[in-house]
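Me: I would like to learn how to read the features of a structure one at a time, starting from a single helix and working outwards. Could you take me through this one?

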Amino acid sequence: MITKGVVVRVPAKVNLQLSVGPLGADGFHDVVSVFQAISIFDDVTVRYGKDGTGITLSVSGSTAHGVPTDSSNLAYKAAQLMIDRYDAFPDLEIHLKKEIPVAGGMAGGSADAAGVIVGIDALCDLSLSRDEMERIATELGSDVPFSIAGGIAVGLGRGDQLTPALARGTYHWVVAMSGSGLSTPAVYKECDRLREGREISNPRTSDSLLQALRAADARGVGEFLTNDLQAAACSLRPALRLVLDVGEEYGALGGIVSGSGPTVVFLVEDEERALDLTVALSASGVVSSVLRAYGPVHGARVVETL
Ligand code: ATP
């Protein structure tokens, strides 16, 4: 049977550590990022389209609202790059079934781009290695390689030079979403503004966090969660402080703004605690919706052949 299409499942990420270095002359910051892939997924379907139709994109799912379907979508850019670089089949129908919050600091767009790379590789029989796919992913954005890799990894440079982290255990998360997103560049800009006049050192991986991950010590991981963008996200969206307070009050092991926010994630001891906190957050009126998730989970992978 000839394969007509593939479905690739791609995870959201949380940053257990996001340490941001000084603003470089090129306008970017070096970061140290410890990523964990968690069980909130987009499904990316890639099919052969009709001759001459080029790349077409459609979107559905609970977080589809406002996601562009033109060439500005990162999934579209990924398809174009794969076609140009590997002479892949040029007429492709891509469908994104979105569950990852949009502009929530959980790398939703990056996940979709990763799904397209893995999907085109499988559909067009390119036989690329995971390393090659992660390399091309770097050209699309700093979070895209991790969306391919999944698991738990340390990212250096712009977050894209990845090394898998030795880690054990399963971690339970409660994910609190806000009604509207925050722009990543705007949050970095606010971070620079808040730090003006201060000496900022180069970021370093947190040994305490990595040690807790190796020991499957959820309490330790909760204690050492850190995000240098949190103050900036809270400055732009003061209500995030109230969300963080609810988590603390209900005994979360740790709570943190995810990446550039505004999604806030809480690490909890077990599923029962996750349920309690979900109910408390929903009742608090300070978040738009709440999800439960666990991690680490796999990176982008084909789950169905059509
Ligand atoms: P990151 O955590 O990598 O900083 P994010 O999760 O905060 O990213 P995304 O969900 O990737 O943010 O979306 C940021 C913006 O990118 C959206 O406002 C949207 O206009 C645009 N965008 C482009 N492609 C996509 C996509 N496939 N899914 C969602 N948004 C996309």
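**Reading the structure feature by feature**

Reply: Let us begin with helix α6 (residues 207-214), in which Leu209, Leu210, Ala212 and Leu213 are buried. Here helices (H or I, at least four residues) and strands (E, at least two) are DSSP runs numbered from the N terminus, while buried means under 20% relative accessible area, exposed over 50% and partly exposed in between, with a 1.4 Å probe and protein chains only. This is a predicted model, in which local features need pLDDT of at least 70 and side-chain atom pairs count only at pLDDT 80 or more, whereas totals for chains, interfaces and linings use all residues. Residues are numbered from 1 along each chain as its sequence is written, and side-chain values use heavy atoms, with hydrogens and water left out.

Me: How are the buried residues of α6 arranged around its axis, and what covers them?

Reply: An α-helix has 3.6 residues a turn, so residues three or four places apart point the same way. Seen down the axis of α6, the buried residues fall within an arc of 160° (the arc of the directions from the helix axis to the C-beta atoms), so they line one face of the helix. Their cover includes β1 (5-23), β2, β5 (152-156), β7 (171-177) and α7 (218-224), where contact means heavy atoms within 4.5 Å.

Me: Which residue just after α6 has a positive phi, and where else is such a value found?

Reply: Most residues other than glycine have a negative phi, and most peptide bonds are trans. Ala216, in the loop between α6 and α7, has a positive phi of about 55° although it is not a glycine, and at 32% relative accessibility it counts as partly exposed. Asp125 has a positive phi near 55°; it lies in the loop between α2 and α3 (130-138) and, at 65% relative accessibility, counts as exposed.

Me: Which peptide bonds are cis?

Reply: One cis peptide bond joins Gly261 and Pro262, with omega of about 5°, and Pro262 lies in the loop between β9 (254-257) and β10 (264-268). Another runs from Gly295 to Pro296, with omega near 0°, and Pro296 lies in the loop between β11 (289-295) and β12 (301-305).

Me: How many aromatic pairs are there, and how should I describe them?

Reply: A pair of aromatic rings is described by the distance of the centres and the angle of the planes. Rings of Phe, Tyr and Trp (its six-membered ring) pair if their centres lie within 6.5 Å; planes under 30 degrees apart count as stacked, over 60 as edge-to-face and the rest as tilted. A search of the whole structure finds two such pairs. The rings of Phe35 and Phe146 have centres 4.6 Å apart and planes at 15°, so this pair is stacked. Since Phe35 lies in strand β2 (residues 29-48) and Phe146 in helix α4 (residues 144-149), the pair ties together parts that are 111 residues apart in sequence. Phe35 is buried, with a relative accessible area of 1%, and Phe146 is buried at 2%.

The rings of Tyr48 and Phe89 have centres 5.0 Å apart and planes at 80°, so that pair is edge-to-face. Tyr48 is partly exposed, with a relative accessible area of 30%, and Phe89 is partly exposed, with a value of 30%.

Me: Which domains is the chain divided into, and which of them give residues to the largest nonpolar core?

Reply: The chain is divided into domain 1 (5-166) and domain 2 (171-295), with bounds that come from an automatic or database domain assignment. Their C-alpha centres lie 22 Å apart, and the contact takes 32 residues from domain 1 and 38 residues from domain 2. A nonpolar core is a set of buried Ala, Val, Leu, Ile, Met, Phe, Trp, Tyr and Cys residues joined through side-chain atoms within 4.5 Å. The largest has 61 residues, and those with the most contacts inside it are Ile38, Ile94, Ile117, Ile120, Trp173 and Leu213. Helix α2 (residues 108-123) gives the largest share of this core, eight residues. Both domains give residues to the core, so it lies between them. A second, separate core of 28 residues includes Val31, Leu229, Ala232 and Leu244.
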